[in-house]
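Here are my notes on this one, as numbered points. Have the model open next to you while you read.

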Amino acid sequence: MCFKAPDLCNSSIECLAETILALLSSSISCKVSRFPNLQESLQVGSSISAADCPKLIEACADVIGSLEGSGKLSYKLFCAVLKVATSACLHPSQFPSSIVYEKSRCKRNTAISKLYPFTPDETVATVCEMPPRLLFWYLDPLSLKDDISRILREVVERPFLCLKKELHERMAWRSIMICLVTSPTIFMETRALLHAWFLVTGLASILELCIELVSSALDVLSRPMWWGMSMELGLKLPFSHSYFPSKHNNLLAKLAGPISCENFLDVVRLVTETVVYMKRQLGPMTDTPYHDFRQTSVNLTIIDHKSTWAMLMDFPAWFYFAVMLLFSDKHCQGIFPSSRTKQAVETEKTSDSELCGAAASEEEGS
């Protein structure tokens, strides 16, 4: 059998790629360390240090560029490089100076940027593995801002865009959505990012994007296979409360549940308890010089991304429900019957007034 020169060249490159892939895979290890106090720790790392990662990434980027015709092999090598860079130890055995550490991180980020052109366009949700985009976000957090900014830019330019539909049907946007759901930590960081942008700019498009991301994330968790996930990956997803601050577990269960008068009264009760708690934290009004600082600190806590207000902003259906109750001409029980409202009629005979009063307080809180 005779080989042509291009065939020999391609075979040599593929053989080199397979060798690099085997070396990269063997460099990552995982073990359980046991300490004298009977505690166990899972340690994952790579024998390749963070200082050597930039050179390794640049060399592998050249090989991946030469493997443009071999999709599966280039994809495996691409993922292997990202996993090694993610698991590489950032600190050597001796404590490094901050200057050396910053230079090493800048070199790594510069090298990582050379892999951007080789990022797969299709979603990887059909296989049970960590998406490469998620590793990119971990290695370079600015790439997360870039991905979210691109979606936000189109939302601003196309105000009548059906964002819920686009997040599911556009493969690039669906891939981003899948990555956000795969990592609860990244999802919370994205919510915090959008919330901060909304507080600074006041743009309704930012709030709309945040609302749809939360809605789509809950939808992915409820039916992962409809979003293109494999059954194995869908079974590994955590519970919904992992994506929100732990103090809002009870509130999330109500907000994400069906809309009813009973649930509405529960939501108002939870919000009222939070407001009372924050007032207690603020303490009595005083004329001391420290009062303004303390009040400012508490006010910032009330509106930050972990606040109850931020959670309510992501579920606007309850605001619309409160508006409807205000204009229901005090016939809430007949329109929305529930055991809670009937019990209120029997005991206090104020079910309609209670609902309308709760709706009014909800409107004022919003």
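1. Let's start with helix 5 (residues 132–139), where 7 of the 8 residues are buried, so this helix is largely enclosed by the rest of the structure. The buried set is Pro132, Arg133, Leu134, Leu135, Phe136, Trp137 and Leu139. Buried here means under 20% relative accessible area, exposed over 50%, and partly exposed in between (1.4 Å probe, protein chains only). Helices (H or I, at least four residues) and strands (E, at least two) are DSSP runs, numbered from the N terminus.

2. Before going further, some ground rules. This is a predicted model, so local features need pLDDT of at least 70, side-chain atom pairs count only at pLDDT 80 or more, and totals for chains, interfaces and linings use all residues. Residues are numbered from 1 along each chain as its sequence is written, and side-chain values use heavy atoms, with hydrogens and water left out.

3. On confidence: pLDDT is the predictor's confidence in each residue, from 0 to 100. The chain has a mean of 75, with 68% of its residues at 70 or more. Among its elements, helix 10 (residues 204–222) has the highest mean pLDDT at 95, and helix 18 (residues 339–347) the lowest at 42. Residues 1–5 are below 50, and that stretch has 1 contact in the model beyond near neighbours in sequence; contact means heavy atoms within 4.5 Å. Residues 123–128 also stay under 50, but there the model has 19 contacts beyond four places in sequence.

4. Does helix 6 come out shorter or longer than expected, or in agreement? Its 17 residues (141–157) should span 24 Å at 1.5 Å a residue, and the end C-alpha atoms are 25 Å apart, which agrees. The expected span is 1.5 Å times one less than the number of residues. Buried residues in helix 6 include Leu144, Ile148, Ile151 and Val155. Their cover includes helix 5, helix 7 (163–169), helix 8 (171–182), helix 9 (184–201) and helix 10.

5. Helix 6 also has a salt bridge to look at: Asp147 pairs with Arg150, with the closest N and O atoms 2.2 Å apart. The two sit 3 residues apart in the helix, about one turn. Asp147 is buried at 6% relative accessible area, while Arg150 is partly exposed at 45%. A salt bridge means a side-chain nitrogen of Lys or Arg within 4 Å of a carboxyl oxygen of Asp or Glu. The structure holds 9 of them.

6. Next, Asp266 and Lys254, whose side chains meet in a salt bridge (3.1 Å, N to O). Asp266 is in helix 13 and Lys254 in helix 12, so the pair ties together parts 12 residues apart in sequence. Asp266 is buried at 8%, and Lys254 is partly exposed at 25%. Glu154, Arg158, Glu166 and Arg170 are joined into one network by salt bridges that share partners.

7. The same region is worth a second look. Asn263, in helix 13, is buried at 12% and, leaving aside neighbours within four places in sequence, is in contact with Lys254, Pro258 and Trp318. Ile259 is in the loop between helix 12 (249–255) and helix 13 (261–282) and counts as partly exposed at 41%. Ile259 touches Ala317, Trp318 and Phe321, not counting residues up to four places away. Ile259 and Phe321 are 62 residues apart in sequence but 8.0 Å apart in space, C-alpha to C-alpha.
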